[in-house]
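Biologist: I'm new to this model, so could you give me a close look at a single part? Which residues are around ligand 2?

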Amino acid sequence: MNEKSAMSDAPLPPAKPTLPDAQTVTAVKHWTDRLFSFRVTRPKSLRFRSGEFVMIGLLGETGKPLLRAYSIASPAWDDELEFYSIKVPDGPLTSRLQHIKVGDEIILRPKPVGTLVHDALLPGKRLWFLATGTGLAPFASLMREPETYEKYDSIIMMHTCRESAELEYGRQLVESLAEDPLIGDLVAGKLHYYPTTTREPSPRMGRITDNLTSGKVFADLGLPQIDPEDDRAMVCGSLAFNHDVKAVLESFGLHEGANSEPQEYVVEKAFVGDGI
Ligand code: FAD
Ligand code: A2P
């Protein structure tokens with residue numbers, strides 16, 4: 001038997017072990033030393049509503065999946081899934097997740113849930129997206145969702161971070177919408193982008209709560225003050241931010257809704273851990 005036929009008779013090498021619910025990383029971009037975004041293949045069976053979140057992760061050291069909640073930052077029509085992530089230096093998941101490369105696998109449990117969905121709001125004229133930090137992620141999905149522009153006359157994206165560099169993912173995403181063949185025309189004239197910083201000088205500054213209560217954002221954008229008749233809001237940030245924004249929205253007369261009972265605003269945690 002020559003060497004060639006010996007090779008062809010040899011048993012196949014063991015298949016590369018795959019993770020349960022594995023998806024392959026197709027792109028990774030680092031925005032700052034604390035923030036990155038990445039895209040993965042989409043399970044054929046996964047259906048979700050723009051704004052929902054899923055559990056994703058990696059295999060832990062014990063061989064058990066180490067999973068965390070992540071908002072899907074891409075819209076429901078996209079062939080792939082996008083995520084926008086923090087890098088917590090000693091975080092069990094993100095200390096490792098931040099090193100993923102194209103071709104690597106992550107675990108994705110295909111059970112989307114969440115309250116930041118159109119169905120949880122009563123019809124209105126203007127929709128406010130209020131986010132700090134990675135709380136932008138669900139709105140990165142909803143800003144690319146045609147239904148958003150079909151349902152509302154105006155969409156206002158307020159995003160606040162400490163420094164300008166932390167706004168860059170959102171800024172580039174908003175900029176790209178005008179060129180998007182699916183929603184470019186829908187977005188024109190409807191989307192108001194209002195990014196602010198709080199700890200670094202920039203063209204627009206201040207906390208979202210302050211810019212709402214002082215009326216500055218309404219004056220800057222030429223919009224009336226939020227009222228329960230016409231305005232709807234979706235909120236995503238730290239527990240403290242969510243708590244304080246809720247108080248502001250309630251002071252304007254809005255009520256919190258849920259999937260089971262649509263109202264004038266809905267809230268989701270961007271993460272847990274800052275205690276309140
Ligand atoms: P963890 O042990 O989970 O967190 C350690 C500490 O880091 C926390 O106590 C908190 O103080 C801080 N922290 C965690 N996440 C963040 C964050 N996003 N921003 C600022 N500080 C944080 N994270 C994302 O990066 N992108 C998302 O789209 C996202 N969506 C989420 C949706 C929901 C509904 C929830 C509940 C959480 C979401 N998170 C998101 C947070 C995410 O689940 C993890 O907490 C995060 O990935 C860090 O995981 P870790 O294991 O490294 O650290
Ligand atoms: P500030 O710099 O004034 O604290 P963090 O990085 O701490 O998660 O904060 C992200 C952004 O959210 C920062 O610009 C921060 O402003 C702002 N922020 C934090 N807590 C609140 C809150 N309770 N209300 C409004 N904005 C907040």
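Modeller: Here's a walk through that one site. This is a predicted model, so local features need pLDDT of at least 70 and side-chain atom pairs count only at pLDDT 80 or more, while totals for chains, interfaces and linings use all residues. Residues are numbered from 1 along each chain as its sequence is written, chains are lettered from A and ligands numbered from 1 in the order written, and side-chain values use heavy atoms, leaving out hydrogens and water.

The shell around ligand 2 (residues with a heavy atom within 4 Å of it) holds Thr 132, Thr 160, Cys 161, Arg 162, Thr 198, Arg 199, Arg 207, Thr 209, Ala 240, Phe 241 and Asp 244. By type, that's three nonpolar, four polar and four charged residues, with Cys, Ala and Phe counted as nonpolar, Asp and Arg as charged, and Thr as polar. Helix α9 (239-251) and strand β8 (154-161) each give at least two of them, and α9 has the largest share, with three. (Helices are DSSP runs of H or I with at least four residues, strands runs of E with at least two, numbered from the N terminus.)

Now for the polar contacts, pairs of N or O atoms within 3.5 Å. The side chain of Thr 198 puts an N or O atom 2.6 Å from an oxygen of ligand 2. A polar side-chain atom of Arg 162 lies 2.9 Å from a ligand 2 oxygen, and Cys 161 uses a backbone N or O atom, at 3.4 Å. As for cover, ligand 2 alone exposes 550 Å², of which the protein buries 81% (Shrake-Rupley areas, 1.4 Å probe).

Methods. A polar contact is a pair of N or O atoms within 3.5 Å; within protein, one must be able to donate a hydrogen and the other to accept it, and residues adjacent in sequence count only if both atoms are side-chain atoms.
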